[in-house]
Structure formats: C-alpha cells, structure tokens
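The following paragraphs are intended to be read with the sequence and the coordinates at hand. They begin with a single side chain and then turn to the wider architecture.

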Amino acid sequence: MKTATPSLARAINDRLALDLLLEHGPLTAPQLRELTGLSRPTVSDLIERLQAHGLIEVTGESGEDRRGPNAKLYGLVAGLTHAVGVDVRRSAVHVTVADLTGRVVGEARSTLGPGTADLAAEIAATVRKAADGRDLKSVVLGAPGLVHPHTGEARGEGVPGWRTDLRTAVQKLLPEVETVLENEVNVAAIAEHRLGAASGRDDFALIWLDDGVGGAIVLDGKVRRGASGGAGEVGLLELDGEPFCCAIEHTRALGTASEELVELVAASVFTVASVLDPGLVVLGGSIGRAGGAELAALVQEKVAARSPAPTEIRASTVEGNAILQGAVLTALALARDAAFG
C-alpha cells in the first residue's frame, strides 16, 4: 500500500482546513485542531503556510469571556479572487459576482433585443461592469439550448446575437478567466441540489416549466448530460401529437392547478420516472414555483396511479433566480479549486 508523501499530506490538510473555514467561517487554531483531528504542531504549520500563501488572515479574536490571552480567529481572504454566474435569457443577461465565501459583491444586467449583434461581447461587457475591477477566476454561463459536453459548442434557442462558439468567444474577451458554458436547466438543478427541494438526494430529475421547457437529470449526485448534451430535454416529448413545450404554453392561461396542465406534467414525469426511476422529480421554473405544493401533489397522485416506481414530486424551493444561483455555485467550485489547489 502506498502512503501519502509529505507534500501530498500537507496539501490534503490545507484543503481540509480551507473547506472547514468555508463551512464554519473564521475559526481559532484549537477549533481547527478539534475539527480536523490534527496535532497542534501540524495545525500551527498549516496556519503559517496558508497565511504565507495569502489564503487566510487574522479576522479577530475569540475568548473575551474567559481569563487569559484571547485566541486569534483565522478566516479566508474572501477577496483573493471572485467567481461569476451568468444567466443568459432571450431578453436579457443577468450577472452576479461572488467572493470566495459566496458573498455577492457585484451585479449587473443588460437588455438583449434585435439590435444585439454579438452576444459574447454583450456578456463580457456585463461581466466587467458587475466585477468593477475585481480579480476574476471563473465565469459560468447558463444558457438555453443544448451544450455539447465535449466540444462546448451550443445550439441556442432564440437568444439574440447567439453564436455556436459562444464559450470560446467569451473566453477570448475575458482571457484571464476560465469560462464554462452550461445548459441553464442543468445549472438550475445544481442550485436545487445544493439549496432547494433536492438537498440531500443523490438522484432526482428537474422538470423546468417556464418560457422555455426542459429538464435536467442528476444521478449519483452528478448532472448527467448525455452524449450530445441532450439528457433531460423533456420539452421535445410528443404528447398527443404535440411537443410538450408547445402544449405547456397553451395551458398558461388556465392556471397552475388546471386539469390540462396537471395531465401534461404528469405525463412527462411518468416518462422520466419510467426510464430513470429517480425517486424524486422537482417542478421548477415559474410554473413549477407558482403551482407549489398543490400542483406537485396533483401530479404525484396521477403518476402514482400509472407508475410502479414510487416517485415523489416536489415544487422547487430555491429562492430567487435558480439559474443564476446554480451558475454562481458552479463558478465558485472552479474558483476555489484554482485558488486553494
């Protein structure tokens, strides 16, 4: 059996400490020893090393309520670098910038329309505006359409100024920043997994019901994209001779508890459940959120009557813009890996 080299052991311990500081906030050396199980000398060396690399700093003191010297509190240097999430809609680009702790430090929005000649340039300009001169490490774009998992080329869905090489074009305009393009429902699923109705579940499907209709599949805790990026695209299903996405659009005026809408959503969920058996299906997007627990319960009742596989249906519980939050979470993971090693 191979043992870890001293340098690898140090790297593992450093990352463990950094992740604990992310989770708990500033900690003292004794608290780090308790949480890591490492010895006093090892933690002392670790703190000195992380300070020398500019990753942590003294943020205050702890122990004012006891006698003796106060213990120093060590926290992450949150502004060391930043991560950017971008939600690309058919009418606008929304950008959020977060520091390494996940705190939002900048936001910007730009409108898209027939006059938008170059979407990549519009995105880059909006990112720069939101960043306001801050150092950036990663940008994740959540956009409608299929994104090929190997080539990164994307087939846009009616976004003004779209180009198939969008990721590459944005990367050229932001050359120092790692740029990733992802389907918008896939990043919404990441937000749902971390912050919403699918928290704690390794397997689930997200059905996105909005001005666009789509889906995402998470199995074993990972988003599954398929061979060409089309995994989970339930909007293309034909129900009674009509694509699901078009049929949903026709029910908008009927209300989120209408029999027509419930039947349509139940049919799509039944198809997903029959093939994948995810155990949980989350209804997201504006319709899923508006329908809430009532729509979820009605759909679950109909699916249960047809499917032998038990399938729980829940409404999305992510607060705010799930696409933007999922993009920020994905960008933060990349930025932290790059900064922390």
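A polar atom of the T36 side chain lies 3.2 Å from the backbone nitrogen of L38. The model in which this distance was computed is a predicted one. The side chain of T36 also has a polar atom 2.6 Å from the backbone oxygen of L32. T36 itself belongs to helix 2, which comprises residues 29-36.

Is T36 buried or exposed? Its relative accessibility is 16%, and because burial is assigned under 20%, T36 counts as buried. When residues up to four places away in sequence are set aside, T36 touches L16, L20 and V43.

The sheet may be considered next. It is an open sheet of five strands, arranged in the order 5-4-3-6-9, with mixed pairing. At its edges are strand 5 (104-111) and strand 9 (178-183), each of which pairs on one side only. From one strand to the next, the twist averages 15°. At one end of the order, strand 5 is joined to strand 4 (residues 92-99) by seven bridges in the antiparallel sense. Within this pair of strands, V97 is found opposite G106 of strand 5.

Two helices may be located relative to strand 9. Helix 5, formed by residues 166-173, packs on the sheet and touches both strand 6 (136-143) and strand 9; the angle between the directions of helix 5 and strand 9 is about 155°. Helix 6, formed by residues 184-195, lies across strand 6 and strand 9 and runs at about 95° to strand 9.

The nonpolar interior remains to be described. Which residues touch the most other members of the largest nonpolar core? In this core of 44 residues, they are I47, I56, F204 and L206. Helix 10 (residues 322-340) supplies the largest share of the core, namely eight residues. The surroundings of L206 can be listed individually: leaving out residues up to four places away in sequence, L206 touches V185, A188 and A189, together with G214, G215, A216, V282 and G284. A second core, separate from the largest one, contains 29 residues, among them I123, A124, V147 and A169.

Note on methods:
Residues are numbered from 1 along each chain as its sequence is written. This is a predicted model: local features need pLDDT of at least 70, side-chain atom pairs count only at pLDDT 80 or more; totals for chains, interfaces and linings use all residues. Side-chain values use heavy atoms; hydrogens and water are left out. Two strands pair if DSSP finds at least two bridges between them. Helices (H or I, at least four residues) and strands (E, at least two) are DSSP runs, numbered from the N terminus. Axes are lines fitted to C-alpha atoms, for helices over the stretch in contact, and angles run from 0 to 180 degrees between N-to-C directions. Contact means heavy atoms within 4.5 Å. A nonpolar core is a set of buried Ala, Val, Leu, Ile, Met, Phe, Trp, Tyr and Cys residues joined through side-chain atoms within 4.5 Å. Buried means under 20% relative accessible area, exposed over 50%, partly exposed in between (1.4 Å probe, protein chains only). A polar contact is a pair of N or O atoms within 3.5 Å; within protein, one must be able to donate a hydrogen and the other to accept it, and residues adjacent in sequence count only if both atoms are side-chain atoms.
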